[in-house]
Amino acid sequence: LQKLSEIDNSVRFKHIVKLAEPHFSDSSYSSSRLQDKIQQYLDNFGVNQLESIQWMWRSNLPDEDRVASFVNQHKQVSDDIQNLKQEGLINSAYCFPYSVDFMDKAIGLDVFDGFCVYRNPSELEYDGLLKRSKANTVISIRPFFASKELIREKGSIELLNYNFSEPAVKSTILSLSSLSQLNEIKGFLDAKKNF
């Protein structure tokens, strides 16, 4: 990123970062650890604001205990996110739930701007909850399922069309493995932009 900014300083990136608080080694959520992690990302990227955080509650607890711990501390998480927004340090916060039960509870608590979930023809577990999500509040992950077979079988464009067929999905995080795939997807995005 630094090299690109030296070549063309007009290029600006909006950073979406993956942020676990608590992490696997932590027993509960901590406001100060969240703040420290945000500051570390800001320092690393040399920016004043992160476009978004992809927040997750990791822990070594069984899922039902992890969900219960989040529910017990959700007000603190919500207040911290609102404070980070008011301070201009983040623009938005999306939750990577790790489980359908976590997302189900989080939707009802209205803590986040939206969710980051896996969505492709092979990973459908969140599709029911996408129907309950507001339009344009979900960032999908792995639309190609990291599978060359699926891409060969369906094609990148068909997989992207499938991905965006759900009104809740506003964008996607994907990995590209070739220049031809990049050009194909660029064509798809250009067509959507001019639609």
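**Exercise 1. Odd backbone angles**

Just after helix 4, D110 takes a positive phi of about 55 degrees. Take this as your starting point and work out where D110 sits and how open it is to solvent.

*Solution.* Before the steps, some ground rules. This is a predicted model, with residues numbered from 1 along each chain as its sequence is written. Local features need pLDDT of at least 70 and side-chain atom pairs count only at pLDDT 80 or more, while totals for chains, interfaces and linings use all residues; side-chain values use heavy atoms, with hydrogens and water left out.

Step 1: place the residue. D110 lies in the loop between helix 4 (100-109) and strand 4 (114-118). Helices (H or I, at least four residues) and strands (E, at least two) are DSSP runs, numbered from the N terminus.

Step 2: check the residue type. D110 has that positive phi although it is not a glycine. Most residues other than glycine have a negative phi, and most peptide bonds are trans.

Step 3: check the surface. D110 has a relative accessible area of 55%, so it is exposed. The scale runs like this: buried is under 20% relative accessible area, exposed is over 50%, and partly exposed is in between (1.4 Å probe, protein chains only).

Step 4: look for similar cases. R142 is not a glycine either, and has a positive phi of about 60 degrees. R142 is in the loop between strand 5 (138-141) and helix 6 (148-154), and at 30% relative accessibility it counts as partly exposed. There is also a cis peptide bond, with omega about 5 degrees, joining E21 and P22.

**Exercise 2. The two sides of helix 4 and helix 2**

Sort the listed residues of each helix into buried and exposed, then find what the buried ones pack against.

*Solution.* Step 1: helix 4. F102, M103 and A106 are its buried residues. They cover an arc of only 95 degrees around the axis, so they share the same side of helix 4; the arc is that of the directions from the helix axis to the C-beta atoms. The face turned away from the buried side carries D101 and G108, both exposed. As for partners, the buried residues of helix 4 pack against strand 2, helix 3, strand 3, strand 4 and helix 5.

Step 2: helix 2 (31-45). Here L34, I38 and L42 are buried. Their arc is only 75 degrees around the axis, which puts them on the same side of helix 2. D36, D43 and N44 are exposed on the other side. The buried residues of helix 2 pack against strand 1 (16-20), strand 2 (50-56), helix 3 (63-86) and strand 3 (90-95).

**Exercise 3. Two buried loop residues**

Y29 and R119 both sit in loops. Find out whether each is buried or exposed, and what its side chain holds on to.

*Solution.* Step 1: Y29. This residue is in the loop between strand 1 and helix 2, and counts as buried because its relative accessibility is 4%. Its side chain makes a polar contact (a pair of N or O atoms within 3.5 Å; within protein, one must be able to donate a hydrogen and the other to accept it, and residues adjacent in sequence count only if both atoms are side-chain atoms) with the side chain of D80, at 2.6 Å. Residues touching Y29, beyond those up to four places away in sequence, include P22, L34, W55 and Q76; contact means heavy atoms within 4.5 Å.

Step 2: R119. You'll find this one in the loop between strand 4 and helix 5 (127-130). R119 counts as buried too, at 4% relative accessibility. Its side chain reaches the backbone oxygen of Y162 at 2.8 Å and that of N163 at 2.9 Å.

**Exercise 4. The core**

Which residues of the largest nonpolar core touch the most other members, and which helix gives the most to it?

*Solution.* Step 1: know the term. A nonpolar core is a set of buried Ala, Val, Leu, Ile, Met, Phe, Trp, Tyr and Cys residues joined through side-chain atoms within 4.5 Å.

Step 2: list the hubs. Of the 32 residues in the largest core, I38, I53, W55, F70, I90, F102 and F112 touch the most other members.

Step 3: pick the helix. Helix 3 gives the most to this core, with five residues.

Step 4: look beyond it. A second, separate core of seven residues includes A20, M56, F96 and C116.
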